[in-house]
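Work through the exercises below with the structure at hand. Each task is followed by a solution in steps.

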Amino acid sequence: MASLPSVALSPTLKLETEVKKHPSASSSIEKESQSRSISYQKSSVSTQLDERPEPARPLDFDDPLSLTKEGTEIECAYYVSLLKECIKRKCVSGAQIVHAHIVKTGTQKEFFLMTFLVNVYAKCGAMTSARKVFDNLPKGSVVAWTSLLKGYVQNSESEVAVEVFVEMMESGSFPSYYTLGIALNACSSLSSIELGKQFHAFIVKYRIDQELSIGNALCSLYSKFGILKSAVKAFRRVRDKDVISWTAVISACVENGAAAMGLRFFIEMLNEDVKPNEVTLTTVLSLCCLIMSLGLGKQVHSLSIKLSYGSNRRLTNSIMYLYLKCRCIKEAEYLFSTMETVNLVTWNALIAGYSQAMELAKDDVSAHRSGNEALGMYFKLNRSGMKPDLFTLSSILTICGGLVALEQGEQIHAQTIKSGFLSDVVVGTALVNMYNKCGSIEKASKTFVEMSTRTLISWTTMITSFARHGHSQQALQLFEDMRLAGLRPNQITFVGVLAACSQAGMVNEALEYFQIMKTEYKLKPVMDHYGCLIDMFVRLGRTEEAFDIVKKMDFEPSEFIWNLLIAGCRNHGHTELGFCAAEQLLKLKPRDIETYVMLLNMYISAERWKDVSQVRKLMKEEKVGKLNDWSWISIKEKTRSFKTNDRLHPGNAEIYTFLEELLNKAKSYGYESGENVEVVDEEEEAEEKTFSYCVYHSEKLAVAYGLLHTEKSASIRVVKSIGMCKDCHNFMKIISLLASKEIIVRDSKRLHKFVNGQCSCADFAGIF
DNA sequence: CTAGGGTTAG
């Protein structure tokens with residue numbers, strides 16, 4: 001890349017002087033190239049095919065000699081059909097056989113055939129051969145030059161493509177509109193905006209920026225450089241816009257996050273009576289993904305059926321992905337089941353979609369279902385004979401992390417090694433994150449250390465992992481290492497850093513890093529940063545300072561922030577302040593059922609019945625549903641789920657007996673069951689009382705089951721659909737000591753790793 | 001010989 005400007009700068013001048021000698025060359029050569037391709041098609045293919053009663057046979061790839069065996073004279077059209085087959089199969093050896101035969105029979109005098117061969121080799125990825133054939137041509141036509149150029153761009157050798165462009169200018173050939181379109185593409189793959197602008201200047205000079213292929217290419221070029229304005233300008237200048245122009249400009253909007261503008265272009269396009277094709281609709285679907293618009297997605301889906309695009313795989317992949325992302329699992333699964341052919345991307349979209357659905361569902365029952373569904377699909381994919389790629393692996397690792405499924409995660413780790421994808425940064429980072437979420441900070445760190453390349457995201461993942469596991473010093477050390485390595489932290493990195501400080505109660509450091517973030521890195525604090533600071537003060541019982549932070553924020557505190565504050569107030573007995581905060585929170589009309597439950601508990605224990613009924617009313621209005629407390633534990637790839645007070649479940653009797661034993665033992669270690677007496681809410685039915693403290697919460701059952709069914713040294717990993725209560729948290733701490741067992745519980749709020757009577761969350765204030 | 005599209009990590 002460093003050498004590129006020198007390649008580019010001087011030839012540009014040269015290129016301009018050359019051009020001035022042939023000011024009219026553009027159109028004439030353009031015409032020449034077009035007429036050539038027309039005559040080649042007409043005289044060689046169509047007519048000769050008419051004379052042949054049998055359609056051209058494809059090359060027998062199992063018997064490559066069949067071609068020579070034929071022995072008789074072979075027409076150009078036959079060669080062309082064979083070579084087309086080679087392109088389809090990306091078969092270099094096939095092309096070589098045909099090539100040899102052409103030479104043998106002397107057909108290489110046919111100029112167009114040899115030009116086509118350049119294209120064939122280029123499309124098969126054999127650039128050396130393409131270049132050789134090109135060099136043997138008596139004089140390179142624009143078409144041959146263009147094929148060569150395209151080949152280099154396609155085979156990610158855009159530097160060479162630019163050199164070839166210069167060479168072409170020097171040889172006196174003038175680029176066609178096609179050639180310039182490809183050259184612009186080379187600029188985007190080289191991420192060289194300077195070079196792109198030079199080409200643009202050249203294009204403007206000859207007033208050809210309104211040409212279709214050039215304007216379209218300019219539009220996507222500027223889009224890739226993030227200059228949406230210029231992309232739109234380029235689009236507007238195109239004289240006879242076609243469907244590709246419209247698609248390009250919509251795509252530019254999507255790429256740059258301007259969904260509303262993209263949608264306006266789509267509507268404008270329909271108003272102009274331009275019929276969208278499969279590509280357009282796929283682009284509009286990614287627009288839907290961007291803004292999570294299921295409604296628009298469904299309209300596009302029906303439009304695609306109306307236009308009979310139903311069998312387009314890429315389009316269907318997109319629709320399926322959108323449905324999953326919007327948590328319309330049934331629709332997506334139905335679509336998948338009806339697809340005629342699926343490819344790896346289909347599987348990847350499916351798994352990635354489940355992972356999105358899981359993310360969105362937070363930790364409720366459907367999230368767990370999506371995760372398991374994805375795992376099932378992953379194994380199905382493996383059985384189908386297709387090989388997972390880096391997309392598959394990184395998505396499925398995210399799923400494993402979400403499910404706290406360490407065994408499966410490790411199995412997939414082995415697969416990444418075998419398949420050679422371990423060296424990929426994204427896969428490596430996904431692995432680090434998977435181990436982090438499964439509670440294995442040691443393996444996370446080991447994986448991180450062994451990575452051959454790391455991006456900012458990799459560093460951030462590791463920093464956050466340390467912080468979440470309560471290893472604040474390591475997190476901060478790593479942050480300094482990262483800065484030394486010359487990487488510029490972003491907002492998310494600082495969330496990790498502040499979380500580390502918060503966890504360790506390092507007030508001064510936290511405030512210092514907060515300043516560094518704002519002044520040195522010019523990063524605007526977001527809600528999560530304030531959340532860390534507030535959490536820190538609240539943990540330390542410095543509630544008023546926590547409220548001071550809220551006052552300093554330049555936006556309205558979120559549900560999450562109020563939750564932290566209220567939990568802090570309750571933990572430290574600042575009841576009145578807590579009620580004030582609760583009032584503010586209610587004004588927000590919270591979304592999260594757990595928030596309501598916390599408020600209810602708060603008001604019920606204070607016997608403020610008026611407030612209780614007010615909260616209940618709001619819950620009905622907001623349709624928040626009921627609290628669904630589930631816990632899952634997976635042992636040796638089998639998952640068991642538990643519901644609070646689930647005595648009816650067959651096989652639970654043994655677990656209850658064992659849990660009683662555990663509770664009794666724990667009591668002798670200072671555990672006070674019922675320390676928080678179950679709150680009685682007089683207005684509600686008996687079964688709705690489960691939201692308060694309960695001896696038989698689902699995670700206790702799951703852990704009891706885990707202790708009964710895992711080997712002594714193995715850790716226990718539980719996922720819980722809602723936040724843990726304080727009682728269970730205490731219980732887990734004691735059990736981890738009693739049974740000398742590592743117990744990991746990932747609840748809806750965070751990860752708890754209990755070892756030797758301590759929890760990695762350092763008794764996170766958010767527990768209610 | 002051309003321009004536009006689907007799936008990965010914090």
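**Exercise 1. Two residues with positive phi**

Task: Locate asparagine 756 relative to the strands around it, then decide whether the residue is buried or exposed.

Solution. The model is a predicted one. Asparagine 756 sits in the loop that joins strand E5 (751-755) to strand E6 (758-759). Its relative accessible area is 52%. Exposed means over 50%, so asparagine 756 is exposed. Next, the backbone: phi of asparagine 756 is near 50°, which is positive although the residue is not glycine. For comparison, most residues other than glycine have a negative phi.

Task: Do the same for alanine 762: in which segment is it found, and what is its phi?

Solution. Alanine 762 belongs to the segment after E6. Its phi is near 50°, a positive value in a residue other than glycine. The relative accessibility of alanine 762 is 38%. Partly exposed covers the range between 20% and 50%, so alanine 762 counts as partly exposed.

**Exercise 2. A pair of helices**

Task: Describe how H19 and H21 are placed against each other, and list the residues in contact.

Solution. Two packed helices are described by the angle between their axes and the distance between the axes. Helix H19 spans residues 329-338 and helix H21 residues 365-383; their axes come within 13 Å and cross at roughly 15°. Angles under 35 degrees count as roughly parallel, so H19 is roughly parallel to H21. The crossing of the two helices is left-handed. From H19, the contact takes in Ile329, Glu333 and Phe336; from H21, Arg369, Ser370, Glu373 and Met377. Sorted by class, the contact of H19 with H21 holds 3 nonpolar, 1 polar and 3 charged residues.

**Exercise 3. Annotated repeats and a serine**

Task: Which residues does UniProt list for "repeat: PPR", and what is the helix content over residues 141-175?

Solution. The unreviewed UniProt entry lists residues 141-175, 242-276 and 455-489. Residues 141-175 are 74% helix and 0% strand, with end C-alpha atoms 10 Å apart. Residues 455-489 are likewise 74% helix and 0% strand, and there the end C-alpha atoms lie 11 Å apart.

Task: In which helix is serine 158 found, and is the residue buried or exposed?

Solution. Serine 158 is in helix H9 (residues 158-170). Its relative accessibility is 4%, and buried means under 20%, so serine 158 counts as buried. Setting aside neighbours within four places in sequence, serine 158 is in contact with Tyr152, Val153, Ala186, Ser189 and Leu190.

Key:
Residues numbered from 1 in each chain as written. Chains lettered and ligands numbered in written order. Predicted model: local features only at pLDDT ≥ 70, side-chain atom pairs only at ≥ 80, totals over all residues. Heavy atoms only, no water. UniProt positions renumbered as here; feature names shortened; annotations may be inferred. Helix = DSSP H or I, 4+ residues; strand = E, 2+ residues; numbered from the N terminus. Axes fitted to C-alpha atoms, helices over the stretch in contact; angles between N-to-C directions. Parallel < 35°, antiparallel > 145°, perpendicular 65-115°, else oblique. Left-handed = near helix turned anticlockwise from the far one by under 90°. Contact = heavy atoms within 4.5 Å. Nonpolar A, V, L, I, M, F, W, Y, C, P; charged D, E, K, R; others polar. Buried < 20%, exposed > 50% of the residue type's maximum accessible area, 1.4 Å probe, protein only.
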